[in-house]
Amino acid sequence: MHLFNRIKKIRNYLAYQIFASFWFTFAILLGIAFILPHYDARIFSNLESGELAFYQRESQSTEVEYNLDEVFERGLAVKTPNGFDVILLEKNTGMFRGVPEHHLKAFQTFIFRADNPAKPLQRRFGNVEYHGPFVLQSPQREYYQYFLKRVDPQTELINKLFDSPWLMLLLLLLISTPVLLWLAWKIAKPVKALRISANAVATGNLAIDPRLETEGINELRKVGRSFNQMVSSLQNLRNYQQRLLSDISHELKTPLTRMQLAVSLIRRRNGESNELTRIENEIDKLNTMILDLLTLSRQQLGHHLTREVFTVNKIWEDVLENAKFETEQNGISLYVSQRIPFTDHHKLNGNQVLLASALENVIRNAQKYAKSMIKVTMYIDKAELIILVDDDGMGIPDGEYDQIFRPFYRVEQDRARQTGGTGLGLAIVANAIQQHKGLVQAAKSPIGGLRVEIRLPLWVE
């Protein structure tokens with residue numbers, strides 16, 4: 001029983017399945033290669049014991065019923081009771097009688113090989129089949145007797161199959177292909193399941209799939225077990241991080257609230273002062289930074305929970321309406337170039353609020369540094385939604401374009417302080433776009449300042 005269980009386990013290993021499938025396929029092909037030619041009626045073959053006994057009885061019947069010497073000398077046509085034409089070959093001279101002229105060449109080919117009465121042969125030539133030889137005795141001579149029988153010719157397709165090595169090879173491939181396809185499917189199925197699970201984890205869905213540990217070959221089951229252990233560890237890490245963020249949020253907000261209250265009390269007692277204003281501004285910046293940091297962390301932890309399919313215009317409709325109002329208040333012109341004729345025909349799969357917030361952050365970042373103009377452009381390129389946000393500000397140095405999406409990165413410390421930036425706005429944008437398998441990048445704008453380009457893959461049903 002123990003040995004049987006071990007053998008059963010070995011069957012699930014990839015090496016065993018490849019080895020067994022190879023030899024099984026090889027055995028089938030080898031068997032077909034050896035056995036199939038024997039079914040070709042046009043080859044010389046020995047008579048089976050039953051056939052041999054039958055033709056011996058036919059031969060004895062001919063010897064009894066006919067005067068063989070007269071039949072041979074006069075060239076008479078003789079048939080057996082079972083419908084076989086009798087051909088007599090005189091052993092000493094090699095002369096024969098009873099062969100139709102149009103079958104003469106085929107018969108000569110047959111007797112070249114079939115010349116031993118101890119081992120009679122048979123072979124088909126078109127619509128006739130020869131059997132023999134069998135020994136007959138007459139008072140004057142000894143004869144070899146052959147039987148000729150008219151039969152249905154072997155199908156031409158079968159003849160072509162036996163005559164063409166390429167067709168035979170094709171037949172062998174057709175027979176072996178299902179075995180190889182089965183093996184490929186056996187290997188590919190668990191690999192596909194593992195890939196789907198990995199893609200799910202990449203999008204934030206930390207769900208354990210038990211089938212990875214129970215289905216497929218043994219090596220991939222072990223990989224699936226390790227993968228599920230990794231997912232379980234990520235789940236624990238995410239839960240820990242969520243608790244940590246909740247605790248940090250509570251612990252940091254409490255002293256900030258107390259500091260704001262203390263500033264208000266000091267202002268009430270001592271009146272307004274530059275120092276109090278500076279402290280209050282720093283508290284506000286710290287509060288904004290904490291909120292941005294929590295927003296970034298929550299995006300990374302829970303973005304997969306609220307996904308839906310929506311039309312592309314849902315991203316910018318409300319955002320542009322609000323941006324238009326804000327830019328008018330700041331004396332900045334907002335130009336929108338919407339180059340998508342039918343927005344209802346193009347959809348995204350993701351978190352609509354998250355993407356709208358990312359676009360809003362990019363436009364607000366442009367407002368901080370624009371001199372007089374912001375331009376927003378939307379269009380479709382192949383299977384991607386492209387959104388360009390340009391401003392006519394001072395821009396940034398060429399070497400900083402890839403760095404501005406890093407958390408807390410600032411191109412100019414003084415400039416960031418003047419605008420109230422925390423260094424997290426564009427990091428939140430990059431994180432949101434990456435979660436939707438998109439791309440965000442910065443470059444020099446044609447109108448002088450910074451261009452931020454957002455690329456999002458469209459949803460294909």
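Contact here means heavy atoms within 4.5 Å of each other, and in that sense threonine 80, leaving aside its neighbours within four places in sequence, is in contact with Glu58, Thr62, Val86 and Phe147. The structure is a predicted model, in which the protein chain has 14 helices and 13 strands. Of the 461 residues of the chain, 37% count as buried, and among contacts between residues at least 6 apart in sequence, 65% join residues at least 24 apart. The points below take up two buried residues, two helices, the cavities and the backbone exceptions.

**Threonine 80 and serine 59**

- Threonine 80 is placed in the loop between helix H4 (68–74) and strand E2 (85–90), and because its relative accessibility is 6%, under the 20% cut-off, it counts as buried.
- Although threonine 80 and serine 61 are 19 residues apart along the chain, their C-alpha atoms are separated by 7.8 Å.
- Serine 59 belongs to helix H3 (residues 49–65), and with a relative accessibility of 4% serine 59 also counts as buried.
- Not counting residues up to four places away in sequence, serine 59 touches Phe134, Val135, Leu136, Gln145 and Phe147; Phe147 also appears among the contacts of threonine 80.

**Helix H11**

- Helix H11 covers residues 317–329, and at 1.5 Å a residue its 13 residues should span 18 Å, a figure with which the 19 Å between its end C-alpha atoms agrees.
- The expected span is taken as 1.5 Å times one less than the number of residues, which is why 13 residues lead to 18 Å.
- Val319, Leu320, Ala323 and Thr327 are buried in H11, and since the buried residues fall within an arc of 90 degrees when seen down the helix axis, they line one face of the helix.
- An α-helix has 3.6 residues a turn, so residues three or four places apart point the same way.
- On the face of H11 turned away from the buried side lie the exposed residues Asp318, Glu321, Phe325, Glu328 and Gln329.
- The cover over the buried residues of H11 includes strand E8 (333–338), helix H12 (352–369) and strand E10 (373–381).
- After H11 comes glycine 331, whose phi is positive, near 70 degrees.

**Helix H14**

- In H14, 9 of the 11 residues are buried, so this helix is largely enclosed by the rest of the structure.
- The buried residues of H14 are Leu426, Ala427, Ile428, Val429, Ala430, Asn431, Ala432, Ile433 and Gln435.
- Just after H14, lysine 437 takes a positive phi of about 55 degrees, in the loop between helix H14 (425–435) and strand E12 (439–444).
- In contrast to the buried residues of the helix, lysine 437 is exposed, with a relative accessible area of 54%.

**Cavities**

- A search of the whole structure finds 4 cavities of 30 Å³ or more, and the largest of them holds about 40 Å³ of space.
- The lining of the largest cavity consists of Val362, Asn365, Ala366, Val389, Asp390, Asp391, Leu450, Arg451 and Val452.
- By class, this lining has 5 nonpolar, 1 polar and 3 charged residues.
- At least two residues of the lining are supplied by each of H12, strand E11 (384–391) and strand E13 (450–457), and H12 is also among the elements that cover the buried residues of H11.

**Backbone exceptions**

- Most residues other than glycine have a negative phi, and most peptide bonds are trans.
- Lysine 382, which is not a glycine, has a positive phi of about 60 degrees; lysine 382 is placed in the loop between E10 and E11 and, at 79% relative accessibility, counts as exposed.
- Lysine 437 likewise has a positive phi, of about 55 degrees, although it is not a glycine.
- A cis peptide bond, with omega of about 5 degrees, joins glycine 132 and proline 133, and proline 133 is placed in strand E5 (residues 128–137).

Key
Residues numbered from 1 in each chain as written. Predicted model: local features only at pLDDT ≥ 70, side-chain atom pairs only at ≥ 80, totals over all residues. Heavy atoms only, no water. Helix = DSSP H or I, 4+ residues; strand = E, 2+ residues; numbered from the N terminus. Buried < 20%, exposed > 50% of the residue type's maximum accessible area, 1.4 Å probe, protein only. Arc of directions from axis to C-beta. 1 Å grid on protein atoms, 1.4 Å probe; cavity = no way out; pocket = protein on both sides within 12 Å on 5 of 7 lines; lining within 4 Å. Points joined across faces, edges and corners; volume = space filled by probe spheres on them. Nonpolar A, V, L, I, M, F, W, Y, C, P; charged D, E, K, R; others polar.
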